[in-house]
Amino acid sequence: MKIKNITVGGLLLWIILAAVAVIQIFPLVWLLDFSLASSNEMFTNGLLIIPKVIKWDNYIKAFVDGHFLLYFKNSLLINVLAVLLVLVISVMMAFACTRMHWKLSGLVRNLILLGMMIPIHATLLPNYVIYDKLRLTDTMWALLIPYIAFSLPQGLFLTCSFMESIPREIEEAALMDGCGIYRIIVVVITPMLKSSLVTVSIMTFLNNWNEFMMASTYLSSPKWKTLPFSVLEFTGLYSSNYAVQFAVMALTAAPMVIIYVILNKYITKGVAMGAVKG
């Protein structure tokens with residue numbers, strides 16, 4: 001049975017997908033709605049609020065009093081460095097595991113991939129003890145090290161999947177032309193891993209952008225605090241400015257939403273191709 005060239009099954013699928021899309025988008029709508037209301041209007045019935053007066057000054061307070069620029073700079077710096085180091089280490093490890101012949105290559109690769117099963121927050125206490133002894137607490141490295149370590153298994157998995165599909169004859173031809181191993185990796189192999197590296201970059205950035213538990217455990221001074229700390233600037237002992245907190249969360253979520261919308265096709269393509277090739 002068809003209705004205007006659309007099957008009943010296809011129509012049902014579209015209805016289900018539309019419902020899922022609404023469910024997924026609703027938290028963002030709810031966040032923006034509450035960020036434009038006053039704190040007194042929060043405690044009303046209903047999922048959404050119709051503000052009597054749109055409070056744009058919530059965003060001004062979030063930007064100024066929440067030290068948004070400082071925390072944004074710290075988050076951006078730490079996450080960009082984490083992405084770059086994850087990419088470099090993932091490519092080198094993938095090349096060592098897929099192209100170089102040594103006895104323990106398979107074992108080492110599997111051990112690193114097992115890291116995907118370990119929750120990042122399970123290492124809070126041992127990491128803190130180690131960082132305290134090495135005097136790394138309240139430094140950028142206290143966040144960089146775990147962010148990189150827990151992003152590497154995923155990066156290795158995707159990079160290995162793509163690298164295994166590259167014909168070895170290309171490397172042999174480059175070797176005969178006089179290329180060394182490092183030049184082969186940088187000039188020959190890396191450009192062919194574009195889809196994989198874009199996917200690894202985006203997923204690493206998104207996974208670490210809003211991380212708060214480790215940041216709150218390892219950081220104490222404002223020097224290296226990241227964006228989630230802006231919310232705490234409006235949390236008091238007996239009361240909190242909830243409307244401004246929603247504005248802070250909206251500002252924090254904005255870069256991730258923009259990046260995901262623009263580069264969504266690369267994430268889908270990279271994960272799908274990595275799964276098939278792996």
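This section describes the nonpolar cores, a surface patch, the salt bridges and selected helices and loops of a predicted model.

Because the model is predicted, local features were considered at pLDDT of at least 70 and side-chain atom pairs at pLDDT 80 or more, whereas totals for chains, interfaces and linings use all residues. Residues are numbered from 1 along each chain as its sequence is written, and side-chain values rest on heavy atoms, with hydrogens and water left out.

The largest nonpolar core, a term that denotes a set of buried Ala, Val, Leu, Ile, Met, Phe, Trp, Tyr and Cys residues joined through side-chain atoms within 4.5 Å, comprises 50 residues, and those with the most contacts inside it are L143, M163, I189, L193 and Y218. Residues are called buried at under 20% relative accessible area, exposed at over 50% and partly exposed in between (1.4 Å probe, protein chains only). Two or more residues of this core come from each of α3 (68-98), α5, α6, α8 (181-192), α9 (194-209) and α10, where helices (H or I, at least four residues) are DSSP runs numbered from the N terminus. For I189, contacts (heavy atoms within 4.5 Å) are made with F95, M163, I166, E171 and I184 when residues up to four places away in sequence are not counted. Apart from the largest core lies another, of 15 residues, which includes L31, F34, A62 and A250. In soluble globular proteins, nonpolar side chains tend to be buried together.

Helix α5 (residues 124-134) has L124, N127 and Y131 as buried residues. These residues lie on the same side of α5, because they cover an arc of only 70° around the axis, the arc being that of the directions from the helix axis to the C-beta atoms. The buried residues of α5 pack against α6 (141-163) and α10 (213-218), while the face turned away from the buried side carries L125 and K133, both of which are exposed. Following α5 is R135, which is located in the loop between α5 and α6 and has a positive phi of about 60° although it is not a glycine. With a relative accessibility of 75%, R135 counts as exposed. In the loop between α5 and α6 is also found D138, a residue other than glycine whose phi is likewise positive, near 60°; its relative accessible area of 23% makes D138 partly exposed.

On the surface, a nonpolar patch of about 960 Å² is formed by M100, W102, L104, L107, L111, L114, M117, I181 and Y182. Patches of this kind are made of residues with over 30% relative accessible area and no salt bridge, nonpolar side chains (Val, Leu, Ile, Met, Phe, Trp, Tyr) being joined within 5 Å and like charges within 9 Å; accessible areas come from the Shrake-Rupley method with a 1.4 Å probe, and for residues only the protein chains shown count as cover. The elements that contribute two or more residues to the nonpolar patch are α4 (105-113) and α8. One of the patch residues, L114, is situated in the loop between α4 and α5 and is partly exposed, its relative accessible area being 44%.

Two salt bridges are present in the structure, a salt bridge being a side-chain nitrogen of Lys or Arg within 4 Å of a carboxyl oxygen of Asp or Glu. In one of them, the side chains of R99 and E171 meet at 2.3 Å, N to O. This pair links distant parts of the chain, with R99 in the loop between α3 and α4 and E171 in helix α7 (residues 168-176), 72 residues apart, and both R99 and E171 are buried. The side chains of R109 and E164 also meet in a salt bridge, at 2.8 Å, N to O. Here, too, distant parts of the chain are linked, since R109 belongs to helix α4 and E164 to the loop between α6 and α7, 55 residues apart; E164 counts as partly exposed at 41% relative accessibility. Side chains of opposite charge can pair when their charged atoms come close.

Two further helical positions were examined. S75, which lies in helix α3, is buried with a relative accessible area of 0%, and, leaving aside neighbours within four places in sequence, S75 is in contact with W209, T226 and L227. E169, by comparison, is placed in helix α7 and counts as exposed at 53% relative accessibility. The C-alpha atoms of E169 and D132 are separated by 49 Å, the two residues being 37 residues apart along the chain.
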